[in-house]
Amino acid sequence: MSSEYAAAMRLAEEIAREAGELILRGEQDRSGERPLVESTKSSPTDVVTAMDRAVEDLLRARLAAARPGDAVLGEEAGGQAGRTGYTWVLDPIDGTVNYLYRIPAYAVSVALVTGDPTVPGAWQPVAACVHQPATGATWTAAQGEGAYLGERRLRLGPVPELSQALVATGFGYRKQRRTGQARVLTGVLPQIRDIRRIGSAALDLCGVATGTVDAYYERGVNVWDIAAAALVLAEAGGSLRGLRGAPAGPEMVVAAGDPLLDDLVDLLTDLDADQDPAAE
Ligand code: LIP
């Protein structure tokens, strides 16, 4: 690979791996103690650790040095304007609760996108890295140049029918949202092989690209959770969609290979999975 996007992918991988080393050094320094929770966001269980902030600071510093004109949008520090038309979309630790509980299913997610990443359907990832520090697993992709897990080129295998599909999903942090998600889950579970709740949207989407799950859906994820893994999945032959013709976004993300994607979208549409219950 020699394109500008391939160079950006290599930069994304370099800084994601450096961020992973920072996280693992912190793990060693803590020797079994839980990370420090600095604050919460949408609910008392939606935590931000000191390491979330330190990792995003590191990613931003490296990007400012390497590509000073690009914009940045990060989960913890928000948006920073640029002048190149490109935006780096960062989730310093996707799967923060897993990180807090020392469950290895968390990842550093770094994506370069064109367009406006704050508007669903108005952005396109062109370079990406999802790095899982606890295992070393590293997914990379560049637009039009394929998706990789390490050196292994990823291509979706045969796609099962819905009743045979292993489906990943996740749940939000607010009680009202979770009540609705539980309702939807009771409608989905009898129609599929089984559910997996891994706790990181980025790893869920990379799991679809890798074949460790067949599909993923979730209501309420943010662009930084999915931007990098969306390119990995697309370059592996899968795709993401919302419901009722909408693009993937906070209302709903559904991801799989065809025709399973169509069948899961239809099931979730019938279940009104993009709706929350009325507030109590
Ligand atoms: C997480 C998502 C996951 C979702 C969790 C959480 P975070 O992102 O990746 O899919 O189910 O509730 O939102 O908060 O760890 O960056």
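In this predicted model, a backbone N or O atom of Ala201 comes within reach of the ligand, lying 2.7 Å from one of the ligand's oxygen atoms. Asp94 does something similar with its side chain: an N or O atom there is 2.7 Å from an oxygen atom of the ligand. Asp225 joins in as well, again through its side chain, with an N or O atom 3.4 Å from a ligand oxygen. With the protein around it, the ligand is mostly covered up: on its own it would expose 380 Å², and the protein buries 94% of that.

Stepping back from single contacts, the ligand has 17 residues around it. The closest are Asp94 and Ala201, already met above, together with Gly95, Arg197 and Glu218. Sorted by class, this shell is a mix of six nonpolar, five polar and six charged residues.

Where do the residues of the shell come from? Two strands each supply at least two of them: E5, which covers 86–94, and E13, which covers 215–218. Strand E5 gives the largest share, three residues. On the scale of whole domains, both domain 1 (4–153) and domain 2 (162–270) give residues to the shell, so the ligand lies between them. As for pockets, the ligand sits in the largest one.

Two spots in the backbone also deserve a look. Most residues other than glycine have a negative phi, and most peptide bonds are trans. Arg102 goes against the first of these habits, since its phi is positive, at about 60°, even though Arg102 is not a glycine. To find Arg102 in the structure, look in the loop that runs between helix H3 (96–100) and strand E6 (107–115).

The other spot involves a proline. The peptide bond leading from Asp258 to Pro259 is cis, and its omega is near 0°. Pro259 is also a loop residue, placed between strand E15 (253–256) and helix H7 (260–270).

Conventions: Residues numbered from 1 in each chain as written. Predicted model: local features only at pLDDT ≥ 70, side-chain atom pairs only at ≥ 80, totals over all residues. Heavy atoms only, no water. Near = heavy atom within 4 Å. Polar contact = N/O pair within 3.5 Å; in protein donor to acceptor, adjacent residues only side chain to side chain. Areas by Shrake-Rupley, 256 points an atom, 1.4 Å probe, with all protein chains shown as cover. 1 Å grid on protein atoms, 1.4 Å probe; cavity = no way out; pocket = protein on both sides within 12 Å on 5 of 7 lines; lining within 4 Å. Sits in = over half its atoms within 2 Å of the grid points. Helix = DSSP H or I, 4+ residues; strand = E, 2+ residues; numbered from the N terminus. Nonpolar A, V, L, I, M, F, W, Y, C, P; charged D, E, K, R; others polar. Domains from an automatic or database assignment.
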